Structure formats: C-alpha cells, structure tokens
Amino acid sequence: MKTELPVNNPIKSFWLTAEDEFATYRTKGELPQETDIIIIGSGYAGSTLAYYLYENDKTAKKSILMLEARNVCSGATARNGGHLKPDLYSQYKYFKSKYGEKGAAEIINFEHSHLKAVKEVVEKEKIDCDFVLTRACDVHLSSQSGKSSIENYYEMIKNPYVTCKDDVQITFGEAAKVISKVEDSSVCLTYTAGQLWPYKLMTALLKKVVSKGLNLQTNTPVLKVDRLENGKYLVETSRGKVITEKVIYATNGYTAAIEPKFENKIVPIKGACSHIISSDPKIRTPHLTNTYGIRYKGADTDYLINRPDGSVIVGGAKKHIFPFKEVFYNNVDDSTLIEGTKEYFDDYMKKMFYTWKDFKATTDYVWSGILGYSDDTVPYVGEMLEEKNKFVIAGFHGHGMPRVLLSAKALAKLINGSSDLLDIPSAFKITKDRMENTKNNLLEMLGTIPKSKL
Ligand SMILES: Cc1cc2nc3c(=O)[nH]c(=O)nc-3n(C[C@H](O)[C@H](O)[C@H](O)COP(=O)(O)OP(=O)(O)OC[C@H]3O[C@@H](n4cnc5c(N)ncnc54)[C@H](O)[C@@H]3O)c2cc1C
C-alpha cells in the first residue's frame, strides 16, 4: 500500500490547545513562481532547520518558502509525549553490532548533547515552553526487559568513546521501587532528560523566522516534486507550482508519499497519547519528579512526563497497537482514536504508581499521531544520492526529540555551504548501502502477529 499524504481532519491533541491565529498563517495570499529554498513540513525538523538557516547571514538573504500540508506544526511534533530523553543504553548492543564501538558512541553522545542544545535554544530565544531538566527513570516490568537493559547498560559502560556514561545510574531491589514509585519494578535506570511543550517551542521559532523573512504557507500540501533539466526542482502543490533551487523534505512519516525512494523505508506508524489531570482542580497531583519509560516485554513500552502544571502526558498503549498491523502500520490517519487506548490511559496512574493509588484522576485528552519509523531505526539525514540540492531530514523512529535539533543544525550548515561535512552520527547519513540494502523487518521487531496466528 502506498504511503498517503497527511489527512486533513486530525484529532486535537492537548498540545494544540496552544493554537492561535498563527496555526493557519500564510505570509502571502499567493505562492511565488520561483524561490531559492523550499522546506516541506513545519514540524520539529522543518522549524529548527529554518531557524538555523536564518542564523546564517548568507542563507538569511535567500528566499525560503515553507510548505505545510495542514495547520502549522500539526504532525508528530504536536502529538508526541513531550519527552526529551536520550537513549543512553537500551539499544546499545544492536548499535554496537551494526556500527561498531565508535558508531554506537556517536549516536549516544549525539542524543545526550541534545539536552544542552535544546536548553540553550530555549534560553537564548527566551521561549516559554515549560522546559524542565530532570532525570528519566526506566522501569522494567518483565524479567526479559530488565535482563536486556542490564546487559545493554553493562556493555555500554565498557565503551571508551561514550562520554556521558557517568550520567546513568542503575538501582536494584527496594531502592528501585522507592525511586521509581513502581511496586513491581526490581530494577530501574535513571539519567538526565528533559520535558517540554514541543508545539510552543517550534511555533515560537517559526514566528521568529517568519519575522526574518520566511514565507510560510500552511494548508498547502506538496503533491509531487520533479527535477528539471537545469537541475532545479518543480514543486507541485494543491495551490500551484513553484520552482526552487534546493528542496528539503522535513516530512517524517509522510516522506514516501512524495519521495517514493522511501517507500517501505520510512513507514508511517500510528501511535497514541493522553493527557491526565486531577479530577478536582483544587487538589494537586502527587508530582513525579522523574520522567518515565515503562518497559514491559519486547517493543511494549509506555512513556510519561509529569508536567510543571501537575498534569501528566502518557503515551504508548502498545498492547492495543503493535499486535495489529491494520491498526498502525503504514497508517497516516490521525483523525481517529485507536480502539482501547482511552480505557488504557483512564486508570493508568493509579495502577502504575503507588503514590497515585488513592488519587482521583481524569483523562481529558486522548489522541493519535503519526510516527515515522525507519527500516533500521535511525533517521535519514542529508543530501539524496545523485540528486544534488535535494535533502531529507526524516524517519525519526518515534524518538525525534533527542535527534532532530542537532541534525537540523548540521544540515543547515551543509545547505548554506558553511560546512562540507554533515556533523551527525554516521549511522544517520544517507548512503548507497542504506538506501539499497537495508531490510525492513519492522513488523517482526515490533512483535506484530500475522492475522492468521491471532
Ligand atoms: C504519539 C507520539 C508520541 C511521541 N512521543 C515522543 C516522545 O515523547 N519523545 C520523542 O523523542 N519523540 C516522540 N515522538 C516522535 C517525535 O514526535 C517525532 O520524531 C518528531 O516530532 C518528528 O518531527 P518532524 O518534524 O520530523 O515530523 P512532524 O512533526 O510529523 O512534521 C512533519 C510535517 O510535515 C508535514 N507534511 C508531510 N507531508 C507533507 C507534504 N506532502 N506537503 C506539505 N507538508 C507535509 C506534516 O503535515 C507535518 O506537519 C512521538 C510521536 C508521536 C506521534
């Protein structure tokens, strides 16, 4: 089945309660006939790329057009868990076997450096986006998940190239239960992480670059991109055609809809998230200072942040998703809820945390969102092979918060010519080998059961 464009009636997430008139912003009534640079997509990748392009004097003088299929930043970035959590160990053995010690360390160090980088942008630009620097707590609720994490952690700390290994602490037994507040967890791992309101951060950055000259056009889906004989690109939208010298796909889960080379390589995966509040606005929630990764068996995980206003964002509910291919795989429909997820989140807090046991909570928002899973679990960032001036920054595999910002910064430098090197983990780069030889075994990885065996 071919990947589709974003649907035009997505469910409203909690984060989108911050929408204002900027949601449907169009710099001008008409599209230009020609421009220097087109960025397709206004999510985390498109917004931060535009931000870094405008930081450079040379590109700031260029004409840059951003085309967004729906309202501004209404994709995964406005529907996620708000969790800025580098993965410092859980995929370590897989990364080491695939990319060697140095390659695995590059990914871990890169993700960890996002904590400082995101904080710096928030503080430099004075953006009110509820950014909190804290510690993540990974809780393991099956012996399989605990065993795998312990093994990955002890392997990771042997790697001489990982510069942030001291940030991770492993705790066992009673102490793990007290630190995590989860009775059934006999091991937990903690490390520095952040949480924020991603939509507020991205729209603040976009407003900034719009004031510097970005031509932002919302509700303008790109339908097709063709390379012209002179090397420029003809970008066809629902509102007309634009010629551009450079084009960047910041389209994450939707990339294959307009770039068939990513069909079966970046797959739209439908996920679910919720917002939970105190049932009585006069009573504060029993605040959890950590953010959480809650790991059951295999790919079955939940994630959670307790926000500074006391409310909680919980995402996951993968028990209701990953076994059923038709529910989530290659599915761009974020206009409907996934069956069972509302009920799953309703009693979540009291079942999971002993400090919430007697607390009355209400789930006031549940939504779905589209993640861009890549065939080898890492994003595709860089210039397309044999297609000069066509760039991609997509496929963040449900884990974009600690990967997008510095990928966008490095890509901006490549695009504006201030660097020939793309300073990102080698594993993220677009290579012939990745494009031609990666085997997509996502369904197996996610534990999806063929219908015949259900
Ligand atoms: C439910 C859910 C929970 C998540 N939780 C977390 C989390 O807690 N932590 C974490 O690190 N990551 C999380 N993620 C993943 C994270 O949100 C993404 O990796 C990140 O937001 C990707 O940003 P992006 O800009 O690449 O994609 P998006 O935000 O999806 O932006 C892509 C944009 O491109 C637009 N677009 C697509 N095709 C076209 C077209 N043809 N023409 C014009 N515009 C187009 C879309 O409308 C969209 O606005 C979650 C994702 C979801 C869905």
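## Two domains

In this predicted model, the chain is divided into two domains. Domain 1 is built from three stretches, 15-79, 199-266 and 376-439, while domain 2 combines 134-195 with 267-374. Taken over C-alpha atoms, the centres of domain 1 and domain 2 are 29 Å apart. Where they touch, domain 1 contributes 21 residues and domain 2 contributes 19 residues to the contact.

## A look at helix α6

Let us turn to one helix. Helix α6 runs over residues 198-212, which makes 15 residues. At 1.5 Å a residue it should span 21 Å, and because its end C-alpha atoms lie 21 Å apart, the expected span and the model agree. Just after α6 comes Gly-213, which has a positive phi, near 125 degrees.

Which residues of α6 are buried? They are Pro-198, Tyr-199, Leu-201, Met-202, Thr-203, Leu-205, Leu-206, Val-209 and Val-210. Among the elements that cover these buried residues are the helices α1 (44-55) and α3 (92-124), along with the strands β2 (64-67) and β7 (215-217).

## A cavity inside

How many cavities of 30 Å³ or more does a search of the whole structure find? The search finds 1, and the largest cavity holds about 30 Å³ of space.

Helix α6 comes back into the picture here: its buried residues include Leu-201 and Met-202, and both help to line the largest cavity. The rest of the lining is made up of Tyr-44, Val-118, Leu-196 and Met-401. By class, the lining has 6 nonpolar residues, with no polar and no charged ones.

Methods
Residues are numbered from 1 along each chain as its sequence is written. This is a predicted model: local features need pLDDT of at least 70, side-chain atom pairs count only at pLDDT 80 or more; totals for chains, interfaces and linings use all residues. Side-chain values use heavy atoms; hydrogens and water are left out. Helices (H or I, at least four residues) and strands (E, at least two) are DSSP runs, numbered from the N terminus. The expected span of a helix is 1.5 Å times one less than its number of residues. Buried means under 20% relative accessible area, exposed over 50%, partly exposed in between (1.4 Å probe, protein chains only). Contact means heavy atoms within 4.5 Å. On a 1 Å grid over the protein atoms alone, a cavity is a set of points where a 1.4 Å probe fits but cannot get out, and a pocket is an open set with protein on both sides within 12 Å along at least five of seven lines; lining residues have an atom within 4 Å of a point. Grid points are joined across faces, edges and corners, and a volume is the space filled by probe spheres set on the points. Ala, Val, Leu, Ile, Met, Phe, Trp, Tyr, Cys and Pro count as nonpolar, Asp, Glu, Lys and Arg as charged, and the others, Gly among them, as polar. Domain bounds come from an automatic or database domain assignment.
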